[in-house]
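Student: Please take one part of this structure and examine it closely. I should like to understand how it is arranged and what lies around it in the chain.

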Amino acid sequence: MVSEKCLELGTARSCIRELFEYGLRQAAVVGRENVYDYSLGNPSIPAPAKVNETFISILRDTDSLAVHSYTPATGGPEARRAVAEDLNRRFGTAIRGENIFFTCGAAPALLSVIRALAVKDAEILAIAPFFPEYRPFVEGCGAAFRVVPANTETFQISLESLEAQLTPHTQAIIVNSPNNPSGVVYTRETLEKVGALLTRKGAEYGHPIYIIADEPYRELVYDGVEVPFIPTIYANTIVCYSYSKSLSLPGERIGYVCVPDQAADSQQVFAAVAGAARVLGHVCAPSLQQRVVAACTDLRPDLEAYDRNRNLLYDALTSYGYQCPKPQGAFYMFVKAPGGDSQAFSQRAKEKNLLLVPGDDFGCPEFFRICTCVSQDMIRRSLPVFRELIETQA
Ligand code: PLP
């Protein structure tokens, strides 16, 4: 016998994976150049050269036994300090190494925090559109997953919709900015209002409501848009970070949780995150990767290719009549499906080998997602198909 819930999660179809695999099969039939695959968000710019050089120099110059040893469960003290100092330099905070818990990317970081907060009857909120994995993360930890409906005008957070979802059982809301899938960056004004609302409701309920800031795209922004560091706006913020996108290292699995001292019950929360990581087996993140990111905190990706793709797609699609917010960050576009049904529209697109992800799993069934981390050449070849689809939409 196996757990039914795990069996269901392990065998459930992942729409994104299915599309990606369909694309590979179709490429063998119609040729790679005739498949336009916008399904998977895999970084398409290489890691900065210094990252690879750092891997090599650590392996070459450091005692092998030390590099490959277990670190403390939380991560090595020097790497934790390097991350904290980098945050303080950039955001004027007073974060200490002791506030950082290294993880294998943002996914285990989120899971550890959610698990740590999953008290009896806990409710965790996500703001649509949201990263689909939040639902299994929350439900897998035994908490209730609640959705704050999207504000499809601006894709900022609707205060009214958020307030309507808050209850005395709300433990946390997950805030992801720059956002996957919309590419929208929540403004300082939005976040200040959210912070004020959570402060008021937390006082009313007699317990803090945490923001879980999911920030794998923090550095992926265009046109100098500000990505406010949420702990500087709302004290009860726990940050989940990943180097998967910011250093183009998704396969290396490295990130962290940061529980600043200012967050309510911070020591208890940090200890509970450590306990959650322990029961989930997410302790001692890879030692080599900890050392590499600690030496590369000041590196930023060269976003030119993503930015070019973003402008090319946005300008072309809107000129054909598609509607979408112009992404300010990350590498996605969230486009209103002509006809209003993204399943039906994506199916029509798939018949022309254009692979778009329907928005249902993101909490917005009338939109579809495009990953813009693709080759510019593929974008150019796909544009006539986008145009034909909207022109022939009934
Ligand atoms: N959160 C969001 C919004 C994401 O888009 C992703 C990955 O695509 C993750 C978390 C998980 O990132 P990681 O690769 O660091 O586990």
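Tutor: In this predicted model, helices H6 and H10 are roughly perpendicular to each other. H6 covers residues 106-117 and H10 covers residues 266-280. Their axes come within 8 Å and cross at roughly 115°. Because angles of 65 to 115 degrees count as roughly perpendicular, the pair receives that description. The crossing of H6 and H10 is right-handed.

The residues that form this contact can now be named. H6 contributes Leu111, Ser112, Val113, Arg115 and Ala116, while H10 contributes Ala272, Val273, Ala276, Ala277, Val279 and Leu280. Sorted by class, nine of these residues are nonpolar, one is polar and one is charged. The polar residue is Ser112 and the charged one is Arg115, so both of these belong to H6.

The residue range of H6 begins at 106, and this leads to the ligand. Fourteen residues surround the ligand, and Ala106 is among the closest, together with Asp214, Tyr217, Ser242 and Arg253. A backbone N or O atom of Ala106 lies 2.7 Å from an oxygen atom of the ligand. From Tyr217, an N or O atom of the side chain is 2.7 Å from a ligand oxygen. Arg253 places a polar side-chain atom 2.8 Å from an oxygen atom of the ligand.

The chain beyond H6 also deserves attention. Asp121 sits in the loop between H6 and E3, and its phi is near 65°, a positive value in a residue other than glycine. Strand E3 covers residues 123-127, and the loop that joins it to helix H7 (134-140) holds Pro129. The peptide bond between Ala128 and Pro129 is cis, with omega about -5°. A cis peptide bond also joins Asn180 and Pro181, where omega is about 25°. Pro181 belongs to the loop between strand E5 (170-176) and helix H9 (188-205).

Two other helix pairs serve as a reference for the contact of H6 with H10. Helix H3 (residues 49-61) and helix H11 (residues 287-295) have axes that come within 9 Å and cross at roughly 130°. That angle makes H3 oblique to H11. Their crossing is right-handed. Lys50, Val51, Thr54, Phe55, Ile58 and Leu59 of H3 meet Leu288, Gln289, Arg291, Val292 and Ala295 of H11. The contact of H3 with H11 comprises seven nonpolar, two polar and two charged residues.

In the other pair, helix H12 (residues 304-320) and helix H14 (residues 376-391) pack at about 15°, with axes 10 Å apart. Because angles under 35 degrees count as roughly parallel, H12 and H14 are roughly parallel to each other. Their crossing is likewise right-handed. On the H12 side the contact involves Arg308, Asn309, Leu312, Leu313, Ala316, Leu317 and Tyr320. These residues meet Gln376, Ile379, Arg380, Leu383, Phe386, Arg387 and Ile390 of H14. The contact of H12 with H14 divides into nine nonpolar, two polar and three charged residues.

To return to the part under examination, H6 crosses H10 at roughly 115°, in a right-handed sense, through a contact with nine nonpolar residues. Ala106 brings a backbone N or O atom to 2.7 Å from a ligand oxygen, and the loop between H6 and E3 includes Asp121.

Definitions and conventions
Residues numbered from 1 in each chain as written. Predicted model: local features only at pLDDT ≥ 70, side-chain atom pairs only at ≥ 80, totals over all residues. Heavy atoms only, no water. Axes fitted to C-alpha atoms, helices over the stretch in contact; angles between N-to-C directions. Helix = DSSP H or I, 4+ residues; strand = E, 2+ residues; numbered from the N terminus. Parallel < 35°, antiparallel > 145°, perpendicular 65-115°, else oblique. Left-handed = near helix turned anticlockwise from the far one by under 90°. Contact = heavy atoms within 4.5 Å. Near = heavy atom within 4 Å. Polar contact = N/O pair within 3.5 Å; in protein donor to acceptor, adjacent residues only side chain to side chain.
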